[in-house]
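Notebook open, coffee poured. I wanted a quick look at the fold, the helix packing and the pockets before going back to the bench.

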Amino acid sequence: MLDDLDRRILRTLQYMPDAAMHEIADRCGLTAAKVTRRLDKLRDAGLYRGQEAVVDWAALGFEVSVSLRITLDKTQARAFDEFHAAARDVPEVTEIQTFLGRVDVRLFVVARDMAHYQMLYRDRILTLPHISDIEALMLVSTLKSDERLPL
C-alpha cells in the first residue's frame, strides 16, 4: 500500500517529471537517498514504471495521425498473435491496444502527410494478417492528453 510519502513522491513526479532527485526530495521533505529508495520499492512493486520522453510527432514532421480500429478474423487460431507480431514491425505504428468487443485492436499510426499515410495504409496496414474489418479515424485535434491522476 502507498503511504503519504509515496503519494507525495508520485504526485511530484506526475507534475514535475524532469525534476532532479534533490528537487523531488525538497518538495517531499525527504533526503534524495530516501526518495531513491522509495522509488526503487515502488518500481519493484510495479507501481512506478519510470519516466519516458513524450515526442511531438507533428514537430518532427509527422503531421497525420490516424486511429485504426481493427476487427480480426477470429476463425484463425493464431490470428491475434500473428497480427500483433506483424503490426509491431511497422515503425509508424506508435501504439497497439487490444479490446474486448466488436473491435479487437486499435493501432495509432503517424505519417508525414496524406501521401505517406496512403502508402502506409496500402502497403503496410492492409497487408497485416487476419484483418476482417478496419475503420480509420483521422485525428483532428487533441483536447486532452494527460495521464496524471489524483494521488
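**Pocket first**

I started with the lining of the largest pocket, whose residues divide into 18 nonpolar, nine polar and ten charged. Note to self: this is a predicted model.

I looked up how much space that pocket takes, and its volume comes out at about 1700 Å³. I then asked which of the 37 lining residues sit closest to the pocket's centre. They are Glu-52, Val-54, Ser-145, Asp-146 and Glu-147.

Next I checked which elements feed the lining. Helix H1, strand S2 (93–98) and strand S3 (105–111) each give at least two residues to the lining of the largest pocket.

**Helix H1 against H3**

H1 covers residues 4–15 and H3 covers residues 32–44. I found that their axes come within 11 Å and cross at roughly 90°, so H1 is roughly perpendicular to H3.

I listed who makes the contact: from H1 it is Leu-5, Asp-6, Ile-9, Leu-10 and Leu-13, and from H3 it is Val-35, Arg-38, Leu-39 and Leu-42. Sorted by class, I get seven nonpolar residues, two charged and no polar ones in this contact.

**Whole chain**

I counted five helices and four strands. Going along the sequence, I read the pattern as α-α-α-β-α-β-β-α-β.

Last, overall dimensions. I have the C-alpha atoms filling a box of roughly 55 × 40 × 25 Å along the principal axes. The radius of gyration of the chain is 20 Å, whereas a compact globule of 151 residues would have one near 15 Å.

Notes: Residues numbered from 1 in each chain as written. Predicted model: local features only at pLDDT ≥ 70, side-chain atom pairs only at ≥ 80, totals over all residues. Heavy atoms only, no water. Axes fitted to C-alpha atoms, helices over the stretch in contact; angles between N-to-C directions. Parallel < 35°, antiparallel > 145°, perpendicular 65-115°, else oblique. Contact = heavy atoms within 4.5 Å. Nonpolar A, V, L, I, M, F, W, Y, C, P; charged D, E, K, R; others polar. 1 Å grid on protein atoms, 1.4 Å probe; cavity = no way out; pocket = protein on both sides within 12 Å on 5 of 7 lines; lining within 4 Å. Points joined across faces, edges and corners; volume = space filled by probe spheres on them. Rg over C-alpha atoms; globule rule 2.2 N^0.38 Å.
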